[in-house]
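Work through the exercises below with the model open beside you. Try each task before reading its solution.

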Amino acid sequence: MSQNQKKKKNPPFYNFCYDFVKITGILPALIWMRPKLHYPFGKPKTKGGLMVISNHPTFIDPITVQLTFPFRRLHSLATKDIFSNPIKKGLFTLMHCIIVDKDNFSMSSFRQVVGCLEEGKAVVIFPEGRVNRESSTEPLLAFKSGAVIMAHKAGVPILPMYIVKNEKWYHRQHIVIGEALSPIEMLGKMPNVQELNMVTELLREKEEKLRDYYESLLIHKQKRKDEADEREV
Amino acid sequence: MAMSRNDIIEKLTDVMKMAMPSEINEKALNENASLVNDLGLSSVGVLYVVIAIEEFFNIRFDDVGFADFKTVGDVVDYIEKKLEA
């Protein structure tokens, strides 16, 4: 039996390259996006193993998530299509991406994600499974349960966040951070598939509530602006 | 301890019943039953079953893709092979 499978070794400079890109890239990204974080439930604890899930309105969302957690190394899942040549493969691996085959999800991807979480690292997943440009106006796509099952296996909480889709590229980036939910505390050690799907749906609802929260902020802001205009008149 | 093929199917049935209590009512699974079409397992369902099998049979799956398992028989074959190794 291959019970004692060897731990996969990271390439040299694994963290150095990631840190280098993050540190040098963060300043221009901060100037460009000027992220504004909203915490409707207070600031959550983000230490230790953490699964971060988010809606996926644009292809730059992985950068937005990196800006949301400037002091953490985040691992993200990436489909194997973007690892199409050795240069891309090397680059994305150094950026802490974990290869996933969407058509034939493998045990190695699963173990890599769970391993990261168990080691106290943070992993980002977009549970809609693809870029959904209508996520700010239409209901979110059905979430895939992979995030829940991996967080449950590793015994770590899931933190939902909502990325607001900007109308213009130069608009300020708003991000709403929700409250963490622990699948292992909710479901116990051996839940069934139905229960896992139920938590997945709950996360989707939480994500939509974060969107509602942001919309209520906009309405409130507009009201205040109208009142100020009336006073001026 | 070596397990017979029937023992494996019996134990696998228990695992499947635990995974999907509302869908699996049979006494023992049919080896030709398709995991997706007949048992209604989603990709996450297959992942869940693999995790449960690892715990129940005390084996570790190699780097297999979940689409490699089409029928219950494929899973039984794999478990048999791992138990013999």
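The exercises cover a sheet, one of its strands, a proline, two backbone angles and a chain contact.

The model is predicted: local features need pLDDT of at least 70, side-chain atom pairs count only at pLDDT 80 or more, and totals for chains, interfaces and linings use all residues. Residues are numbered from 1 along each chain as its sequence is written, while chains are lettered from A and ligands numbered from 1 in the order in which they are written.

**Exercise 1. The sheet**

Task: find the strand order of the open sheet in chain A, and state which strands stand at the edges.

Solution.
- Step 1: take strands as DSSP runs of E, at least two residues, and helices as runs of H or I, at least four residues, both numbered from the N terminus.
- Step 2: pair two strands if DSSP finds at least two bridges between them.
- Step 3: read off the order. Seven strands form the open sheet, β1-β7-β6-β2-β5-β3-β4 of chain A, with mixed pairing.
- Step 4: check the ends. β1 (36-38) and β4 of chain A each have a single partner strand, so one side of each lacks a neighbour in the sheet.
- Step 5: add the twist, which averages 25° from one strand to the next. Axes here are lines fitted to C-alpha atoms, for helices over the stretch in contact, and angles run from 0 to 180 degrees between N-to-C directions.

**Exercise 2. Strand β2 of chain A**

Task: why is strand β2 (residues 50-54) of chain A largely enclosed?

Solution.
- Step 1: set the cut-offs. Buried means 20 or more other C-beta atoms within 10 Å of the residue's own, exposed means 12 or fewer, and partly exposed lies in between; C-beta atoms are placed from the backbone.
- Step 2: count. Five of the five residues are buried, so the rest of the structure largely encloses β2(A).
- Step 3: split the faces. In a regular strand, side chains alternate between the two faces of the sheet. Leu50(A), Val52(A) and Ser54(A) are buried on one side, Met51(A) and Ile53(A) on the other.
- Step 4: find the partners. β2(A) pairs in the parallel sense with β5 (residues 122-125) of chain A over four bridges. Val52(A) stands opposite Val124(A) there.
- Step 5: repeat for β6 (residues 158-163) of chain A, which also pairs with β2(A) in the parallel sense over four bridges. Ile53(A) faces Pro160(A) in that pair.

**Exercise 3. Pro160(A)**

Task: is Pro160(A) buried or exposed?

Solution.
- Step 1: locate Pro160(A) in strand β6 of chain A.
- Step 2: count neighbours. Pro160(A) has 28 C-beta neighbours inside 10 Å, so this residue counts as buried.
- Step 3: leave aside neighbours within four places in sequence. The contacts (C-beta atoms, placed from the backbone, within 7 Å) include Ile53(A), Gly178(A) and Leu203(A).

**Exercise 4. Two positive phi values**

Task: where are His96(A) and Asn58(B)?

Solution.
- Step 1: His96(A) is in the loop between α3 (86-94) and β4 (97-100) of chain A. Its phi is near 65°. With 24 other C-beta atoms within 10 Å, His96(A) is buried.
- Step 2: Asn58(B) is in the loop between α2 (43-57) and α3 (72-84) of chain B. Its phi is about 55°. With 11 other C-beta atoms within 10 Å, Asn58(B) is exposed.

**Exercise 5. The chain contact**

Task: how many residues does each chain bring to the contact?

Solution: chain A brings 22 residues and chain B 23 residues.

How values were computed
Two residues are in contact if their C-beta atoms, placed from the backbone, lie within 7 Å.
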